[in-house]
Amino acid sequence: MINLEFVINTLSLGSLYALLSVGLVLVYGILKLVNFAYGEYIMVSGYAIYLSGAVLHMPWYVTMVIAVLAAVLVSFLTEYAAIRPVRTKSADAMLVTSFAVSVFLQNVVLLTISPRSRAVPLPSFFSKTVTIAGATTPLRNLLVIGTTFVVLIGLSLLMKKTVLGMAMRAAADKFTTTRLMGVPANFVISAAFIISGFLAGVGGIFWVGRSASVDPLTGAAPLLIAFIATVMGGMNSPIGAVVGGFVYGLLFNVLSITLPASMISYRDAFMFAIVILFLLFRPEGIVRRGYTEERVG
Amino acid sequence: MSVIMRAGQWAREHSTIMLMMIPVIVAGFVIQAFGSSLVVNIYTYFCVSLMMVLGVQVFMGNSGILSWTHVGFVGIGAYVAGILSTSPMVKGMGVPNMYPFLVQLQIPVLPAIAMGGIVAALVAAIIGYPLMRLSDAVGVITLFATLIVFHVIMTQWDNVTNGPRTFFGVPEYTTLTVALLGALLAIAAAYWFRESAIGLKLRASRDDRHAAAATGINVVRARYNAFVISALMAGVAGGVWAHFITSFSPTSFYMSEMFVLLSMLVIGGSGSISGAVVGTTVVTIARELLRQLESTINNAHVLSFQVFGLTELVMAVLMVVVLIWRPGGVVGGQELTWPLFKRTTKEVDNAA
């Protein structure tokens with residue numbers, strides 16, 4: 001059962017989930033906001049590929065840049081137009097606002113493009129299969145592992161070596177103190193949303209790449225995965241999110257193999273039941289960090 | 001002190017409950033007497049929605065934990081009540097894979113609705129035990145995941161729910177009168193809970209968890225009790241709903257429906273029962289108007305495409321606007337009391 005194919009599958013699934021989870025945790029760390037609109041950035045990046053590739057016939061590398069930029073832009077606008085006005089008021093208001101943004105974006109697409117799914121044009125090498133040491137796998141599985149590796153290294157350099165990264169880490173620890181040290185709140189939060197959008201955009205390309213189609217509800221599944229992965233890994237650090245992403249990928253693949261065929265349709269229910277049970281014993285997640293409950297106010 | 005004076009004093013102390021019930025009753029009578037069948041239907045639906053929203057309010061408003069799960073309890077109530085009250089013949093035709101003992105089972109509508117509530121409360125009692133320990137973001141996400149577990153089970157367990165297909169043939173029972181009585185009962189229950197010892201403890205824990213724990217309140221138990229009671233209310237509401245709508249599928253108990261319930265609660269103000277009632281009223285009126293507008297646009301054929309999702313889109317914007325303007329909802333955390341505007345008390349801005 002544990003062969004190279006299984007390992008590659010798990011690694012590629014896990015790295016995609018890790019990528020998506022980190023984007024969610026960056027915003028959560030600073031604002032203590034579970035961003036329900038996060039899944040919609042993935043959907044937006046899918047539609048950006050569709051519009052630029054299938055409608056405007058741009059080359060594939062341009063469509064991917066546009067996809068990432070679109071996700072970044074929407075993420076930034078979410079913060080600027082919806083989250084910022086309610087940020088100082090109440091945590092629930094912020095949460096519900098992010099959900100309202102998600103509903104808004106879904107219905108904009110529903111209204112302006114179509115309720116039906118659209119085929120997304122992707123370069124042919126995406127689905128080409130390669131054979132490594134006897135294991136056959138689509139090339140995109142290897143691409144996602146490589147991309148995640150590069151992006152996460154870049155992100156950790158940003159967080160460790162630059163002033164912005166330092167400010168963001170400090171803000172995630174103690175937001176009020178960070179502001180007293182002269183770090184502008186709006187700037188750090190905008191930066192977090194922009195990076196979050198970037199990760200959603202990159203992850204979105206691969207997410208949409210798996211089915212090569214996009215519809216208004218595309219964002220729901222990755223959002224949920226990111227939620228669960230971050231909760232499992234630990235909501236208070238990006239490392240927790242990465243760990244959670246890989247654990248989720250592993251759990252998913254193991255359940256897919258071990259569950260009998262008649263139970264496979266209950267796989268998601270099993271996943272979430274396991275996660276809930278796990279949280280009962282370890283509510284702070286796998287990676288333990290300084291546990292702060294402070295929020296912006 | 002005479003009985004009348006006591007009653008008068010009671011009414012002054014609890015003016016909120018009268019203030020909520022009387023308009024609902026009066027509007028019900030007026031609509032029953034003069035309204036067209038469309039308006040009667042809308043008002044019945046409003047009353048049923050009010051039951052659901054108050055069910056959510058009991059937990060969410062008092063504990064301050066945003067709950068996504070409750071529409072799942074509505075679903076459990078609806079399926080249980082529907083399965084119990086539908087005749088064996090209809091079930092045999094409509095749900096080909098149903099377990100034989102379930103097909104044979106049939107009880108009158110009212111006990112069936114009560115059973116729906118009880119089963120929902122039992123499920124809540126089991127899952128609430130681990131869930132109520134989790135706070136903040138982790139709590140919200142696990143409640144969200146629970147809704148998905150419910151949804152997966154409802155769509156896959158076709159021996160009971162007919163899977164993703166429609167479950168039909170539930171006898172029609174919910175008239176305006178039934179729904180109105182249900183709504184009044186729900187208002188009374190939510191008010192009773194809010195003013196009860198558990199409700200008070202829970203509200204204390206909502207405002208400051210650590211201070212509440214320090215004064216000897218068992219926060220987890222208070223939350224747990226509220227969770228079970230609100231699941232009971234949501235389950236009963238689901239049963240009443242099932243006997244109004246008569247055919248439904250698992251998509252009726254998922255995120256978009258929960259969003260409607262949450263928008264009703266949040267726009268009005270989740271911290272108070274007055275908020276839940278006002279929010280349900282406002283959202284019902286806004287949604288019906290938008291739906292009329294949408295169908296008018298579609299029927300007029302002025303646009304080359306069908307308009308989908310306009311209602312949800314406008315509702316989402318409306319919600320964000322209300323939250324920016326008044327983060328605690330239109331009413332806020334304080335109950336409305338008679339007289340509506342007192343000059344002596346300062347307006348307390350309660351941002352929950």
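How many Å should the 14 residues of α13(B) span at 1.5 Å a residue, and how far apart are its end C-alpha atoms? The legends below take up this helix and its surroundings, and the reader should keep in mind that the model is predicted.

**Figure 1. The helix α13 of chain B, seen along its length and in its surroundings.** At 1.5 Å a residue, the 14 residues of α13(B) should span 20 Å, and since its end C-alpha atoms are 20 Å apart, the expected and the computed values agree. This helix is mostly covered, because 12 of its 14 residues are buried, where buried stands for 20 or more other C-beta atoms within 10 Å of the residue's own. Among the buried residues of α13(B) are B:Met255, B:Met258 and B:Phe259, and the list goes on with, among others, B:Val260, B:Leu261, B:Leu262 and B:Ser263. Just after the helix α13(B) comes B:Gly269, which takes a positive phi of about 120°.

**Figure 2. The side of chain B that touches chain A.** Here 36 residues of chain B are in contact with 39 residues of chain A. Three helices of chain B, namely α8 (136-156), α13 (255-268) and α15 (310-325), each supply at least two residues of the side that touches chain A. The largest share of this side, 13 residues, comes from α8(B). Sorted by kind, the residues on the side of chain B that touches chain A divide into 29 nonpolar, four polar and three charged.

**Figure 3. B:Asn162, a residue with a positive phi in a loop of chain B.** Most residues other than glycine have a negative phi. B:Asn162, although it is not a glycine, has a positive phi of about 70°. This residue is found in the loop between α8 and α9 (176-195) of chain B. B:Asn162 is buried, because 23 other C-beta atoms lie within 10 Å and 20 or more are enough for a residue to count as buried.

**Figure 4. B:Thr246, a further residue with a positive phi in chain B.** B:Thr246 has a positive phi of about 65°, although it, too, is not a glycine. The loop that holds B:Thr246 lies between α12 (219-245) and α13 of chain B. With 16 C-beta neighbours inside 10 Å, B:Thr246 counts as partly exposed, because this number falls between the 12 or fewer of an exposed residue and the 20 or more of a buried one.

**Figure 5. Chain B as the setting for the close-up views of its helices and loops.** The secondary structure of chain B comes to 15 helices and zero strands. Its radius of gyration is 21 Å, close to the 20 Å that the globule rule gives for 352 residues, so chain B is as compact as a globular protein of that length. Taken along the principal axes, the C-alpha atoms of chain B fill a box of roughly 65 × 50 × 50 Å, and 51% of its 352 residues count as buried. Among the contacts in chain B between residues at least 6 apart in sequence, 79% join residues at least 24 apart.

**Figure 6. Chain A, the partner that chain B touches.** Chain A has 11 helices and four strands. The radius of gyration of chain A is 19 Å, close to the 19 Å that the globule rule gives for 297 residues, so this chain is as compact as a globular protein of that length. Its C-alpha trace spans about 55 × 50 × 40 Å along the principal axes, and 50% of the 297 residues of chain A count as buried.

Definitions and conventions
Residues numbered from 1 in each chain as written. Chains lettered and ligands numbered in written order. Predicted model: local features only at pLDDT ≥ 70, side-chain atom pairs only at ≥ 80, totals over all residues. Rg over C-alpha atoms; globule rule 2.2 N^0.38 Å. Contact = placed C-beta atoms within 7 Å. Nonpolar A, V, L, I, M, F, W, Y, C, P; charged D, E, K, R; others polar. Expected span 1.5 Å × (residues − 1).
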